[in-house]
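Please look over the chain below before reading on. The text then leads through its parts in turn.

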Amino acid sequence: MTGKPILSIGEAMVELSPSGQDGLWRLGIAGDTLNTAWYLRRLLSADWRVAYCSRVGLGEFSQQMVDFLAAEGIDATHVTRDPQREIALYAISLKDGERSFSYWRDTSAARGLADDPAALAAALAGAGIAYFSGITLGILPPAGRAALIGALKGARDAGTQVVFDPNLRPRLWPDIPTMCREIEAAAAVADLVLPSFDDERGFFGDADPQATVARYLARGAGQVVVKAGGDAIRYGGREGAGLVEGLPREVPVDTTSAGDSFNAGYLAARLDGADIPAAIRRAHDLSRVVIRHRGALVREAVARG
Ligand SMILES: O=C(O)C(=O)C[C@H](O)[C@H](O)COP(=O)(O)O
């Protein structure tokens with residue numbers, strides 16, 4: 001089965017990941033929404049078009065990103081250029097396999113990705129799936145956030161499936177109440193929300209994954225699938241409800257992109273006709289391989305489709 005283009009919207013950065021050798025860092029290009037697009041590109045057959053919507057600068061690293069997208073088969077038509085700004089940088093630190101991030105992204109070009117309503121509308125026109133995250137929202141100024149959510153709502157009304165990963169990053173937000181309010185406003189325009197239970201418990205106080213499902217459904221989401229590390233995965237919504245148990249566990253080398261790759265695995269499996277429990281198992285299997293390797297984009301995890 002093939003369909004309309006898949007558009008992922010957000011910020012990609014230069015990534016520094018530990019090489020394993022003291023003082024040596026590996027340079028890559030990554031960012032949550034790009035990671036999901038990258039895994040989707042490799043999981044889906046070439047008949048599918050996977051596109052990225054972002055804003056970059058004119059310098060060397062911005063060009064490297066655009067070249068990277070082209071080399072990876074990701075459509076960069078909707079990556080616009082900002083003559084004044086550059087792309088951001090982040091570094092991964094690892095402690096017992098669990099990742100944390102340092103960011104240099106306050107002035108990045110991607111902060112302007114929703115400034116031009118016509119460009120945003122053109123990017124979304126005809127998209128089968130529009131994918132974005134709480135990080136996409138967190139980097140935007142308030143006017144950009146409102147513009148993006150409005151454009152996604154319009155796209156949803158026009159038949160695009162809107163998919164949202166809350167990906168809570170408090171450092172990107174002025175304060176926690178603003179983050180929580182904006183995340184729920186975004187979930188309200190989403191057909192599918194893919195939260196991670198640890199984050200949701202921490203910031204929304206959800207007692208269990210079922211509470212996360214119920215909260216997002218009450219806000220207007222169509223379907224919710226709650227990622228839970230290696231624990232059972234709860235889902236609910238208009239496509240069905242249930243619990244997927246007995247997922248194999250992995251000792252991680254680097255958990256970066258566990259959630260992003262899960263999202264891609266899930267969407268690709270659903271597009272391939274899998275039911276929700278089967279799609280969850282396929283997504284989990286992919287993220288298990290991803291966390292056995294360093295960095296966000298793990299070529300070993302996915303042969304190119
Ligand atoms: O934090 C950001 O802005 C990034 O985009 C860096 C990372 O590549 C993703 O955040 C990884 O996402 P997880 O799947 O949650 O590990």
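What follows is a walk through the sheet, a helix that crosses it, a helix pair and two loop residues.

The model is predicted. Start with the record. An unreviewed UniProt entry annotates residues 8–296 as "domain: Carbohydrate kinase PfkB". Over that stretch, helix makes up 39% of the chain and strand 23%. The C-alpha atoms at the two ends of the stretch are 16 Å apart.

Now take the sheet. In what order do the strands of the open sheet run? The order is 5-4-1-8-9-10-11-12-13. That makes nine strands, with mixed pairing. Strand 5 (75–81) and strand 13 stand at the edges. Each has a single partner strand, so one side of each is left without a neighbour in the sheet.

Move inward to strand 1, residues 6–9, which pairs with strand 8, residues 129–133. The sense is parallel, and three bridges join the two strands. One residue pair can be picked out here: Ser 8 has Tyr 131 of strand 8 as its bridge partner.

A helix crosses this part of the sheet. Helix 3 (residues 117–124) lies across strand 1, strand 4 (50–56), strand 5 and strand 8. Its direction is at about 145° to strand 1.

Next comes a helix pair. Two packed helices are described by the angle between their axes and the distance between the axes. Helix 7 spans residues 197–204 and helix 8 spans residues 209–219. Their packing angle is about 75°, and their axes are 10 Å apart. Angles of 65 to 115 degrees count as roughly perpendicular, and helix 7 and helix 8 are therefore roughly perpendicular to each other. Which residues of helix 7 meet helix 8? They are Phe 197, Glu 200 and Phe 204. On the helix 8 side, the contact involves Pro 209, Thr 212, Arg 215 and Tyr 216. By class, this contact has four nonpolar, one polar and two charged residues.

Finally, turn to the backbone in two loops. Asn 167 is in the loop between strand 9 (161–165) and helix 6 (176–187). Its phi is near 30°, a positive value in a residue other than glycine. Is Asn 167 buried or exposed? Its relative accessibility is 10%, so Asn 167 counts as buried; the cut-off is under 20%.

Ser 257 also has a positive phi, near 80°, and is likewise a residue other than glycine. Ser 257 lies in the loop between strand 13 (242–244) and helix 9 (258–271). With a relative accessible area of 5%, Ser 257 is buried.

Terms used: Residues numbered from 1 in each chain as written. Predicted model: local features only at pLDDT ≥ 70, side-chain atom pairs only at ≥ 80, totals over all residues. Heavy atoms only, no water. UniProt positions renumbered as here; feature names shortened; annotations may be inferred. Helix = DSSP H or I, 4+ residues; strand = E, 2+ residues; numbered from the N terminus. Axes fitted to C-alpha atoms, helices over the stretch in contact; angles between N-to-C directions. Parallel < 35°, antiparallel > 145°, perpendicular 65-115°, else oblique. Contact = heavy atoms within 4.5 Å. Nonpolar A, V, L, I, M, F, W, Y, C, P; charged D, E, K, R; others polar. Buried < 20%, exposed > 50% of the residue type's maximum accessible area, 1.4 Å probe, protein only. Pairing = 2+ DSSP bridges.
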